[in-house]
Amino acid sequence: MDGALPGAGGAGVPAAEPPAEPRGRWLRRLGAHDYRPPGQASLADRLVPPMPDGPGVTPKEVAPSPLLLRAGIRLNPRLWSWLCRWAGWLGPLAVALFGGLLRFWHLGSPNAVVFDETYYAKDAYALWQGGYETSWPDNANAQLVAHPQVIPYHTDPAFIVHPPVGKWLIGMGEQLFGMHPFGWRFMVALLGTLSILMLARIARRLFRSTLLGCVAGLLLSVDGLHFVMSRTSLLDLIVMFWILAAFGFLLLDRDHTRARIARRLGEAFDPDLAHRLRLGLRPYRLAAGVCVGLACSTKWSGMYVAAFFGLLTVFWDLGARKLAGARRPYWSTLIRDGLPAFASIVLVSVVVYISSWSGWLASSTVPGKGGYGRDWAVGRHGLSTEFVSLPLLGKVKMPFQVDLTWVPGGLRALWHYHAQMYNFNIGLSTPHMYQSNPWSWLVLGRPVSFYYESPKLGESGCKATQCASEVLAIGTPLLWWAGVIALGYCLYRWALRRDWRAGAVLCGLGAGLLPWFEYQHRTIFLFYAVAFVPFLVLAVTMLIGALIGPAGASYERRLVGGAAAGVLVLAVMWNFLYFLPLYTGQVIPIEDWRSRMWLTSWI
């Protein structure tokens with residue numbers, strides 16, 4: 001899954017693979033005396049190829065752009081040099097601003113409790129009021145959007161099936177702007193906008209290209225599923241945000257760790273030093289563990305990310321030690337890198353997860369006065385459970401029971417509560433008209449209608465005999481269908497060309513998609529796929545880089561490839577604009593609505 005990173009040339013398009021490192025005992029001895037075969041890149045450049053621009057990389061004076069000169073545009077030399085130096089931030093920020101304007105425009109529309117907002121908006125409010133989720137009356141939704149508004153908050157505890165972090169974040173917007181649609185959607189829209197900026201910076205670092213970074217951010221900003229989920233207060237986009245943040249921190253950790261190896265080794269070829277080298281404290285990987293913990297603390301699907309990303313960072317360390325010439329890379333990686341990776345990702349995420357329940361743990365143990373089940377351990381012996389439910393194995397009887405009275409009652413009650421949550425989640429199989437199978441997600445087989453009304457002429461601005469107003473959770477079709485092709489390209493690059501970047505993209509997508517195949521009997525929905533949308537976009541971006549071609553390609557090849565890539569990006573943007581009425585609940589004639597139902601399964 002790892003290896004030397006292909007450089008980036010010209011407009012940031014992946015260039016050819018660098019020459020292989022010296023092989024054989026004799027060449028290794030020569031390498032120890034600074035011998036390099038013709039065209040051999042330095043160890044530092046092979047471990048951490050330089051970024052395309054930025055302070056310390058871009059010269060203080062940059063020659064004018066021939067393209068701008070041909071167009072008759074002449075910028076001040078100092079301004080042009082400054083723009084080139086900071087393009088790695090200015091471009092992503094511009095793309096994020098564009099995506100943010102789209103997401104915040106009329107964010108409070110529709111003025112209704114949309115789909116599962118009926119759970120999370122109210123749970124978020126309750127958390128900020130008392131630290132735990134409570135029960136609400138059946139007519140609470142109508143009261144919340146009525147004029148004058150009534151907030152029927154009660155302190156009666158309610159059984160919930162998702163951890164609290166995402167709801168704490170949703171509630172932050174409610175505290176800032178009030179208990180209405182704009183308030184409970186604000187933080188999700190903000191995280192959706194920030195994720196565009198993050199993806200642009202991540203793609204720039206992954207592909208060593210500011211151009212491709214901006215393309216990735218632009219594609220994410222016009223993905224329909226990401227757009228709809230950014231404007232709805234559900235938990236899944238928050239899960240996506242923390243997964244993407246964890247991936248970004250791991251990418252930073254990869255570069256910084258490899259740079260540390262390069263500094264320690266210099267240009268000397270020392271297998272023994274590369275083998276015993278300790279990589280020290282790795283704050284970026286610890287930050288990734290915190291983000292994985294926050295993803296798990298939003299929805300349990302984040303637990304699979306801990307496994308996927310933990311293996312990913314270990315494989316990256318293995319690749320670095322092999323590239324540095326370590327004498328026994330597998331053994332040194334297992335001993336020196338594997339255990340710290342486990343502690344950084346898994347143990348840190350466990351601590352974060354338990355901490356996220358602090359509001360529930362701090363609530364009263366008096367029955368009916370604290371969180372649901374908070375009083376369960378009061379006066380109860382701490383005997384371990386007789387049966388446990390395990391993935392694939394089902395209900396398994398334990399060979400013995402253990403007295404756990406020494407464990408604090410709050411933690412024992414929390415464990416019991418989680419057993420109830422787990423049984424509910426794996427047993428949720430009630431048929432739903434919008435449920436779908438993960439096999440169909442990548443081709444958008446069955447989207448989810450979050451909101452639908454059919455006003456008549458003169459109602460809600462309808463100017464036809466019959467109209468439709470819908471919020472449909474579906475990705476931009478051309479982007480997703482291109483993504484299927486792009487995933488095939490990534491599989492080729494990873495399996496046959498050993499391109500670590502393709503492996504990283506596939507790992508992120510697999511973490512968000514593959515675990516759901518274990519729960520095909522469960523009631524699941526397409527909008528869960530928003531967790532891996534950024535990695536689908538990265539796959540398309542990598543394909544676009546291949547379309548443009550390497551920096552050393554001929555002018556004609558780059559011209560044709562650039563035109564093809566531009567047509568793809570423009571087609572995706574047009575497709576997004578075409579479906580925009582279905583993403584925002586606009587009132588349109590019923591015939592216009594039908595013309596957008598490209599597949600019968602979308603109705």
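Colleague: Happy to dig in! Where is the place of P148?

Modeller: In this predicted model, a cis peptide bond joins H147 and P148, with omega about 0 degrees. Most peptide bonds are trans. As for its place, P148 is in the loop between α7 (140–144) and α8 (165–177).

Colleague: Nice start. Which peptide bond has omega near 0 degrees in the loop between α5 (87–104) and α6 (117–130)?

Modeller: The loop between α5 (87–104) and α6 (117–130) holds P110. The peptide bond leading into P110 is cis, with omega near 0 degrees. The bond you want runs from S109 to P110.

Colleague: Let's stay in that loop. Is H106 buried or exposed?

Modeller: H106 lies in the loop between α5 and α6. Phi of H106 is near 55 degrees, a positive value in a residue other than glycine. The relative accessible area of H106 is 55%, and the cut-off for exposed is over 50%, so H106 is exposed.

Colleague: And F115, is that residue buried or exposed?

Modeller: F115 also has its place in the loop between α5 and α6. F115 is not a glycine, yet its phi is positive, about 50 degrees. Its relative accessible area is 18%. Buried means under 20%, so F115 is buried.

Colleague: Good, now the cavities. How much space lies in the second largest cavity?

Modeller: The structure holds 3 cavities of 30 Å³ or more. The second largest is lined by residues including S109 and P110, the two joined by the cis bond. The space in this second largest cavity is about 60 Å³.

Colleague: How many nonpolar, polar and charged residues are in its lining?

Modeller: The lining consists of L107, S109, P110, V114, R185, V228, R231, T232, V471 and Y583. R185 and R231 are among these residues, and Arg counts as charged. By class, the lining of the second largest cavity comes to 6 nonpolar, 2 polar and 2 charged residues.

Colleague: Y583 caught my eye there. Is Y583 buried or exposed?

Modeller: Y583 lies in helix α22, residues 555–584, and is one of the residues lining the second largest cavity. The relative accessible area of Y583 is 2%. With the cut-off for buried at under 20%, Y583 is therefore buried.

Colleague: How many residues apart in sequence are Y583 and E470?

Modeller: In space, Y583 and E470 are 7.2 Å apart, C-alpha to C-alpha. V471 lines the second largest cavity along with Y583. Along the sequence, Y583 and E470 are separated by 113 residues.

Colleague: Which residues do ring pairs link into a cluster with Y583?

Modeller: The count of aromatic pairs comes to 49. Ring pairs bring Y583 into a cluster. Its partners in that cluster are F227, W481, W574, F576, Y578, F579, W598 and W602.

Colleague: What about F241 and W242: stacked or edge-to-face?

Modeller: A pair of aromatic rings is described by the distance of the centres and the angle of the planes. For F241 and W242, the values are 5.1 Å centre to centre and 80 degrees between the planes. Both residues are buried. Planes over 60 degrees apart count as edge-to-face, so the pair F241 and W242 is edge-to-face.

Colleague: Lovely. Over which ring does the charged end of R374 sit?

Modeller: Take R254 beforehand: its charged end sits over the ring of W316, 5.6 Å from the centre. For R374, the distance from the ring centre is 5.6 Å. The ring beneath the charged end of R374 is that of W360.

Colleague: On to the cysteines. Why is the disulfide of C462 and C467 right-handed?

Modeller: The structure holds 1 disulfide, formed by C462 and C467 with sulfur atoms 2.0 Å apart. C462 counts as buried at 4% relative accessibility, and C467 is buried at 2%. The disulfide is right-handed because the torsion about its S-S bond is about 80 degrees.

Colleague: One more, please. What is the nearest cysteine sulfur to that of C291, and how far away?

Modeller: C291 is in no disulfide. C291 is buried, with a relative accessible area of 5%. A disulfide needs sulfur atoms within 2.5 Å. The nearest cysteine sulfur belongs to C296, at 11 Å.

Methods
Residues are numbered from 1 along each chain as its sequence is written. This is a predicted model: local features need pLDDT of at least 70, side-chain atom pairs count only at pLDDT 80 or more; totals for chains, interfaces and linings use all residues. Side-chain values use heavy atoms; hydrogens and water are left out. Buried means under 20% relative accessible area, exposed over 50%, partly exposed in between (1.4 Å probe, protein chains only). On a 1 Å grid over the protein atoms alone, a cavity is a set of points where a 1.4 Å probe fits but cannot get out, and a pocket is an open set with protein on both sides within 12 Å along at least five of seven lines; lining residues have an atom within 4 Å of a point. Grid points are joined across faces, edges and corners, and a volume is the space filled by probe spheres set on the points. Rings of Phe, Tyr and Trp (its six-membered ring) pair if their centres lie within 6.5 Å; planes under 30 degrees apart count as stacked, over 60 as edge-to-face and the rest as tilted. A charge sits over a ring if NZ of Lys or CZ of Arg is within 6 Å of the ring centre and within 35 degrees of the ring normal. Helices (H or I, at least four residues) and strands (E, at least two) are DSSP runs, numbered from the N terminus.
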